[in-house]
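Here are some notes to read alongside the structure, written as numbered points. Please keep the view open and look up each residue as it is named.

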Amino acid sequence: MNGMDVHLPVLQVVVPMLIAPLVILLRPPGLAWAATTTASLMAFLIAIQLTAGVLGGNEYYYELGGWSAPFGIALTVDSFSALLLLIVTGASTLALFAGKASLDAQIEAPRQPLFYSAWLLVLAGLAGILVAADAFNIFVFMEISSLASYILVAGGPDRRALPAVFKYLLMGTIGATFYLIGVGLVYMMTGTLNLADMELRIHEVADQKPILVAAGFITIGLALKAAVFPLHVWLPNAYTYAPHAVTVFLAACATKVALYVLLRFDFVVFQQNLAGHEVQFAAFLMPLAVLAILVGSTVAMFEKNLKRLLAYSSVAQIGYILLGASMVSVLGLTASLLHMFNHALAKGALFLTVMCLALRVADLNFRHLAGAARQMPWTFGALIVGGLSLIGVPGTAGFISKWYLVTAALDEGLLGIAVIAVIVLGSLMAVVYIWRIVETAWFKSPTEGAATLTEAPLPVLLVTWLVALANLWFGLAPSLSLRLSGTAAESLLQHLP
Amino acid sequence: MELLGLYHYWVFAVLLMIGFYAVVAKVNLVKKLIGVSLFQAAVFLLYITMSKVTGGTAPILQEGMVDPVFSNPLPQVLILTAIVVGISTTALGLGIVVRIKEEYGTIEEHEIQEIDRR
């Protein structure tokens, strides 16, 4: 590693965080957007550089201000965090590039600098969670990103976003506070906040009961943040009524970062210290994952609003991610991490097409979309690619992660067969709800307004197709995402008995 | 007696549940926010109590101290940060309630749902 490379983990957070207050000062129209996009792009490039370093075998370990670990603040980047950093910074950058027209339409000009500032704080917070090496900094970054994302969701013109965001705020705060209680209990017993240090010190503790309670609090708190069924009730409305560009950004990464912390804690800190932890973890989360897939998909099948349909599908997809993790095997976890990446691609593409549509159609209810595909073939083409990836059709990114999920389930014996049945059923339900969109947009006779529709603006369409093609690329040549998630899964599960 | 001796943990648990009850059961949005604040305050107390060392004083080193016993300052510092987070959450929450009042003309949850259903 040479000079600059060492500082990359801290720059990942500092760049968006320092530009955030400056953006407020940029009043001329367009300037705030340009500065935000540049900062986000820089963060994306840093994430790519970090990923390249991690793939090249580097271990990033950064001590803030030169204070060494148990006393100072340490930052680390390994393949797991690199994978998530790519998703977060990539989603933010693409959403910003594509979202200018949509955001200009939805956010009044005088409030735009403030809005973009909040956007950068979300980015800084999410990146901070991913590089932080101690439990309390994770909490602080989590709250920075959450508070800023409440602002983003509430920023749009739809007043229904307000009650939705209020619910999001209540549940998010309770989740974060549960996490804080758990961290407090661990700190009480071990006297440390550093994750690596905790892992070593917990087994010196004579009475393990508080640690068990802490594991419960932390798991539930983060499950709330990650919208794990049945704690998902804040998600559909928040995603539906948020400004469209915000939905692209948050749907692709916000819940996954909470899952990242959950997996870090359960597999690194608690796994080797609590007897039978992997059994408890699996027995608790696998039923929830199965229910999330079935309930989320069922609701999506009957939903009348396109954006809400995709939000419920997100609930189901979080189920797949958890399902892989709850098998507690290297293959299962690889599938889970892979699905984080692939779902971000698929849902990113789908919500980008929603953004394209929203620029042209007044309402995203199905009856307003009837026949719209004849006028907007490119937009709906991208929607089909994203939809196929969501279903898991061979040749798309979604297929790779579902294939790994099924392979992992085959090792689980009888339970695995049931799991495979759920995966297949969930995918069939996805076929149904994607088909409903296709049927409405292509085969229904157009409403009066639909005949005058025009294709979405070129820049938005280009980014949408870029993401759609990425779905195909990572479906045909998945070596990058596979390598990252494979090494991450192995390092997370190295202590498994 | 051991149960009573741990009274500060009882305070924590009871306060936590009062706050949680308010969040779940109240329909007035401001009351819900009060509940959240109580909920967070309970956790602050948990951290503060755990840092107390029997006979310990404020962790400031002065001349002439012989074998000083200090309370652990770290949880106090942590909770200072958490208090700031709590204040921001409450402020943002109240801000949203004001906007809800402007848009809907009410801050009762069931009335808002009623208006949205129409």
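**Notes on aromatic rings and the interface of chains A and B**

1. Counted over all chains, the structure, which is a predicted model, holds 19 aromatic pairs. One of these is formed by A:Phe178 and B:Phe39, whose rings are stacked, with 5.9 Å from centre to centre and 20° between the planes. This pair crosses between chains, since A:Phe178 belongs to helix α7 (residues 161-190) of chain A, while B:Phe39 belongs to helix α3 (residues 29-51) of chain B.

2. It is worth checking how much of each partner is accessible. A:Phe178 has a relative accessible area of 15% and therefore counts as buried, because buried means under 20%. B:Phe39 is buried as well, with a relative accessibility of 1%.

3. Another aromatic pair, A:Trp435 with A:Phe443, is tilted, with the centres 6.0 Å apart and 40° between the planes. Here A:Trp435 is partly exposed, at a relative accessible area of 44%, and A:Phe443, at 56%, is exposed.

4. Ring pairs can also join into a group, as they do for A:Phe115, A:Tyr116, A:Trp119 and A:Phe249, which are linked into a cluster.

5. Two lysines of chain A should be viewed together with a ring. A:Lys100 lies over the face of A:Trp33, at 5.7 Å from the ring centre, and A:Lys402 has its charged end over the ring of A:Tyr320, 4.6 Å from the centre of that ring.

6. Turning to the interface, 26 residues of chain A are in contact with 35 residues of chain B. The size of an interface is often given as the accessible area lost when the parts come together. For chain A and chain B, about 2800 Å² is buried between them, and 84% of this area is on carbon and sulfur atoms. On the side of chain A, the residues that lose the most area to chain B are A:Arg159, A:Phe166 and A:Tyr187, which together make up 23% of what that side buries.

7. Which kinds of polar link are found between chain A and chain B? There are zero salt bridges across this interface by the rule applied, whereas five residue pairs, both residues at pLDDT 80 or more, are in polar contact. As for the elements involved, α6 (135-154) and α7 of chain A each supply at least two residues of the side that touches chain B. Helix α7 of chain A gives the most to that side, with 16 residues.

Notes
Residues are numbered from 1 along each chain as its sequence is written. Chains are lettered from A and ligands numbered from 1 in the order in which they are written. This is a predicted model: local features need pLDDT of at least 70, side-chain atom pairs count only at pLDDT 80 or more; totals for chains, interfaces and linings use all residues. Side-chain values use heavy atoms; hydrogens and water are left out. Rings of Phe, Tyr and Trp (its six-membered ring) pair if their centres lie within 6.5 Å; planes under 30 degrees apart count as stacked, over 60 as edge-to-face and the rest as tilted. Helices (H or I, at least four residues) and strands (E, at least two) are DSSP runs, numbered from the N terminus. Buried means under 20% relative accessible area, exposed over 50%, partly exposed in between (1.4 Å probe, protein chains only). A charge sits over a ring if NZ of Lys or CZ of Arg is within 6 Å of the ring centre and within 35 degrees of the ring normal. Contact means heavy atoms within 4.5 Å. Buried area is the accessible area (1.4 Å probe) that two parts lose on being put together, summed over both. A salt bridge is a side-chain nitrogen of Lys or Arg within 4 Å of a carboxyl oxygen of Asp or Glu. A polar contact is a pair of N or O atoms within 3.5 Å; within protein, one must be able to donate a hydrogen and the other to accept it, and residues adjacent in sequence count only if both atoms are side-chain atoms.
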